[in-house]
Each structure stands twice: as structure tokens, then as C-alpha cells.
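Please open the model in your viewer and keep the selection panel at hand, since this tour moves from one selection to the next.

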Amino acid sequence: KIIPLFSNISIAEKDEVFLKKIYSQLNLDFNKAYYVVGVFGNIYNDSNLRNGIRDIENGNRNKDSMIVLLGFGRISERAASIFQQLQSEFSTRIIIKHLGEFEPKQLSNLIQILDVAISPTPAKHIGKSGVYAALRLHGKAVIVPNNNLFPEYAKEIIDFNRQLELKSAES
């Protein structure tokens with residue numbers, strides 16, 4: 001029996017003051033459209049954020065919108081180093097910034113402004129990821145760069161995604 005996954009980040013009311021502060025911190029115009037990508041949580045060894053970023057650069061999106069990649073949540077020193085490497089590598093094309101840790105309501109607001117998320121959780125652990133559950137609960141598409149799900153859990157993951165979509169639609 002598989003234990004159902006849950007999110008401890010409920011959908012919060014929009015906090016425009018908080019969001020304007022974040023945009024200001026990033027030197028972004030609050031009234032301008034950006035393609036906002038999120039990475040929530042720590043970066044694991046077999047995460048491949050570069051592939052996820054390249055998928056977004058090459059994917060279906062408004063090519064006129066600047067890509068902004070926001071990292072948020074607790075991360076290790078190694079993950080902080082990866083963010084710095086990504087900033088250097090993609091600096092001419094993408095704004096990349098790790099914002100740090102936040103309270104659940106603030107996390108919800110950050111998730112709500114995302115166009116898409118890249119999962120830092122290895123695909124084989126998606127079925128146990130509270131971060132993934134939070135992103136899906138908020139109705140966000142999640143790119144899993146290392147798409148190596150265990151086939152024996154695929155049905156449960158698909159069923160769970162449907163449950164989260166229904167919860168998101170009810171909110």
C-alpha cells in the first residue's frame with residue numbers, strides 16, 4: 001500500500017506587498033510580464049537543473065518574456081554553489097536568484113507566480129516529495145529533468161496528480 005503524499009504548503013491569499021518586495025529585490029518591474037520558473041527546495045545529486053533550464057529555453061513560451069529562475073527554500077552549501085554556477089553560466093539570458101527560506105504563506109505566494117517549476121527532487125523520489133505535492137497542489141506544471149520514474153509507481157503518481165489538480169481547482 002502506498003501512503004498518499006500531502007503538501008504542508010496550503011494555497012494562501014495573494015500578498016502583493018510581499019511580491020512587490022521580491023520583485024524589487026530582483027530589480028524587476030512588478031507590472032512587466034516575465035516567464036517565472038521555480039526551484040523549490042534542496043538540489044539533489046542526480047538533479048539536472050541545466051537540462052530543465054535548457055528545456056524551458058527551447059520550449060513553448062512567449063520568447064519575448066525574460067526568463068526569471070527563482071530558487072527558494074532551505075538548501076545545502078553544495079546547492080548554493082550550484083545556483084552560483086547556474087548564474088554564471090546563464091547570466092546573459094536568464095535572471096537566476098536563490099531567495100532563501102520563507103514562511104508557508106510566503107512560499108505559497110512564490111509558487112503562485114510561477115509559470116512552471118523544475119523539480120530538484122530526483123524523479124525516482126517524486127512519489128515521496130512534499131515539494132512536488134506543494135507545486136502540484138498550486139496547479140503548477142513540474143519539469144522533472146531526470147525522467148526515470150519507477151514504472152511500478154507510475155499509476156499511483158498519475159492518480160495522485162489528478163487528486164491534487166482537483167484540490168487546486170476547488171481552491
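**A pocket and its helix**

Begin by selecting helix H5, residues 130–137, which with three residues gives the most to the lining of the second largest pocket. Bear in mind throughout that this is a predicted model. The second largest pocket holds about 210 Å³ of space, and 13 residues line it, those closest to its centre being Tyr 44, Thr 121, Ser 129, Gly 130 and Val 131. If you colour this lining by residue character, you will find six nonpolar residues, six polar ones and one charged one.

Stay with H5 and look at how much of it is covered: six of its eight residues are buried, namely Tyr 132, Ala 133, Ala 134, Leu 135, Arg 136 and Leu 137. Now select Ser 129, which caps the N-terminal end of H5 with a side-chain oxygen that lies 3.3 Å from the backbone nitrogen of Val 131. Just after H5, at the other end of the helix, Gly 139 takes a positive phi of about 80°.

**A loop residue with positive phi**

Next select Asn 27, in the loop between helix H1 (16–25) and strand E1 (34–40). Most residues other than glycine have a negative phi, but Asn 27, although not a glycine, has a positive phi of about 60°. Is Asn 27 buried or exposed? Its relative accessibility is 72%, and because the cut-off for exposed is over 50%, Asn 27 counts as exposed.

**Aromatic pairs**

Now display the aromatic side chains, among which the structure holds four aromatic pairs. In one of them, the ring centres of Tyr 23 and Phe 30 are 5.1 Å apart and the ring planes stand at 75°, so the pair is edge-to-face. Tyr 23 counts as buried, at 11% relative accessibility, whereas Phe 30, at 23%, counts as partly exposed.

A second selection, Phe 40 and Phe 72, shows a stacked aromatic pair, with 5.3 Å from centre to centre and 25° between the planes. Because Phe 40 lies in strand E1 and Phe 72 in strand E2 (residues 66–72), this pair ties together parts that are 32 residues apart in sequence. Both Phe 40 and Phe 72 are buried.

For the last stop, return to Tyr 23 and Phe 30 and add Tyr 34 to the selection, since these three residues form one aromatic cluster.

Key
Residues are numbered from 1 along each chain as its sequence is written. This is a predicted model: local features need pLDDT of at least 70, side-chain atom pairs count only at pLDDT 80 or more; totals for chains, interfaces and linings use all residues. Side-chain values use heavy atoms; hydrogens and water are left out. On a 1 Å grid over the protein atoms alone, a cavity is a set of points where a 1.4 Å probe fits but cannot get out, and a pocket is an open set with protein on both sides within 12 Å along at least five of seven lines; lining residues have an atom within 4 Å of a point. Grid points are joined across faces, edges and corners, and a volume is the space filled by probe spheres set on the points. Helices (H or I, at least four residues) and strands (E, at least two) are DSSP runs, numbered from the N terminus. Ala, Val, Leu, Ile, Met, Phe, Trp, Tyr, Cys and Pro count as nonpolar, Asp, Glu, Lys and Arg as charged, and the others, Gly among them, as polar. Buried means under 20% relative accessible area, exposed over 50%, partly exposed in between (1.4 Å probe, protein chains only). A polar contact is a pair of N or O atoms within 3.5 Å; within protein, one must be able to donate a hydrogen and the other to accept it, and residues adjacent in sequence count only if both atoms are side-chain atoms. Rings of Phe, Tyr and Trp (its six-membered ring) pair if their centres lie within 6.5 Å; planes under 30 degrees apart count as stacked, over 60 as edge-to-face and the rest as tilted.
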